[in-house]
Amino acid sequence: MKPSFPEAQLIDTPQGKVPKLYSCAECRNGAGLDFSFSMAFQPIIDWNQKSIYSHEALVRGTEGESAYSILSKVNQTNRYQFDQSCRIKAIQLASQIQIPALLNINFLPNAVYQPETCIRTTLEASREYKFPLNRLVFELTEGEEVQDHNHIINIFKAYQKYGFLTAIDDFGSGYSGLNLLAKFQPDIIKLDMELIRNIHLNPVARKLTNAIAGVCREIGILVIAEGVETLEELSVLVDMGIHLYQGYLFSKPAFESAGEVLFPSLPS
């Protein structure tokens with residue numbers, strides 16, 4: 001079952017009805033949307049190398065307002081255009097502030113009608129802003145239900161064909177989980193922060209996280225632990241062999257900026 005689009009957003013083509021496409025410049029200027037937005041960036045760090053592995057682009061209001069203030073305006077009518085505009089805005093700002101590593105961009109699976117068509121604006125933005133395609137990571141958020149796993153797999157395969165890395169965000173919290181992972185292996189999974197929270201006090205969470213990390217190592221998937229806030233959590237995760245992290249312990253999201261990163265010392 002493919003995601004549906006309102007008739008107002010579809011145009012007739014020889015291949016049938018597809019969403020109306022806007023140019024990169026039109027997307028950047030908010031074509032098809034009745035609201036404006038910007039981005040904050042949060043680093044993902046490599047603990048072993050003490051370096052920045054990536055930055056995740058996080059939607060914000062134009063004055064730094066919360067993600068909810070923007071996401072609450074997204075609906076079936078503007079979902080596709082919002083998804084496309086987010087890609088353009090993330091790439092534009094990442095280029096302007098000279099993000100030095102990979103760039104993680106969240107995508108809405110129900111907004112992607114035909115992967116090849118949706119990729120067009122990404123390619124155009126990459127060219128315009130001179131941001132290399134092989135530094136883009138597209139994250140599927142598990143917070144949005146998709147009943148057709150084949151649709152997700154087709155999206156991921158199309159992205160990988162163009163050299164994008166792929167990731168499942170909030171792994172362990174949503175609708176897909178292990179069923180999707182058994183059918184398709186992304187480059188990265190990000191463990192949900194609820195699994196990480198106070199993991200040093202939760203033996204069941206430790207065993208589950210350790211098992212997931214072990215399976216991912218065996219099948220060649222990188223693991224990012226997100227939402228890390230304390231040294232106690234970090235210490236447990238380091239002992240599991242996880243080396244990629246995202247969380248307030250290292251850096252908070254920085255509005256239209258790459259932000260600053262701290263590498264705390266673990267107690268000996």
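**Exercise 1.** Determine which side chains meet in the salt bridge of Lys190, and which parts of the chain the pair ties together.

*Solution.* In this predicted model, local features need pLDDT of at least 70 and side-chain atom pairs count only at pLDDT 80 or more, while totals for chains, interfaces and linings use all residues. Residues are numbered from 1 along each chain as its sequence is written, and side-chain values use heavy atoms, with hydrogens and water left out.

Step 1: apply the criterion, a side-chain nitrogen of Lys or Arg within 4 Å of a carboxyl oxygen of Asp or Glu; Lys190 satisfies it with Glu139, at 3.0 Å from N to O.

Step 2: place the partners on DSSP runs numbered from the N terminus (helices H or I, at least four residues; strands E, at least two). Lys190 belongs to strand E8 (residues 188-191) and Glu139 to strand E6 (residues 136-141), so the bridge ties together parts that are 51 residues apart in sequence.

Step 3: check accessibility, where buried means under 20% relative accessible area, exposed over 50% and partly exposed in between (1.4 Å probe, protein chains only); both Lys190 and Glu139 are buried.

**Exercise 2.** Establish how Arg197 is paired with Glu233, and whether each residue is buried or partly exposed.

*Solution.* Step 1: the closest N and O atoms of the Arg197–Glu233 salt bridge are 3.6 Å apart. Step 2: because Arg197 sits in the loop between H7 and H8 whereas Glu233 sits in helix H9, the pair ties together parts 36 residues apart in sequence. Step 3: Arg197, at a relative accessible area of 25%, is partly exposed, while Glu233, at 1%, is buried.
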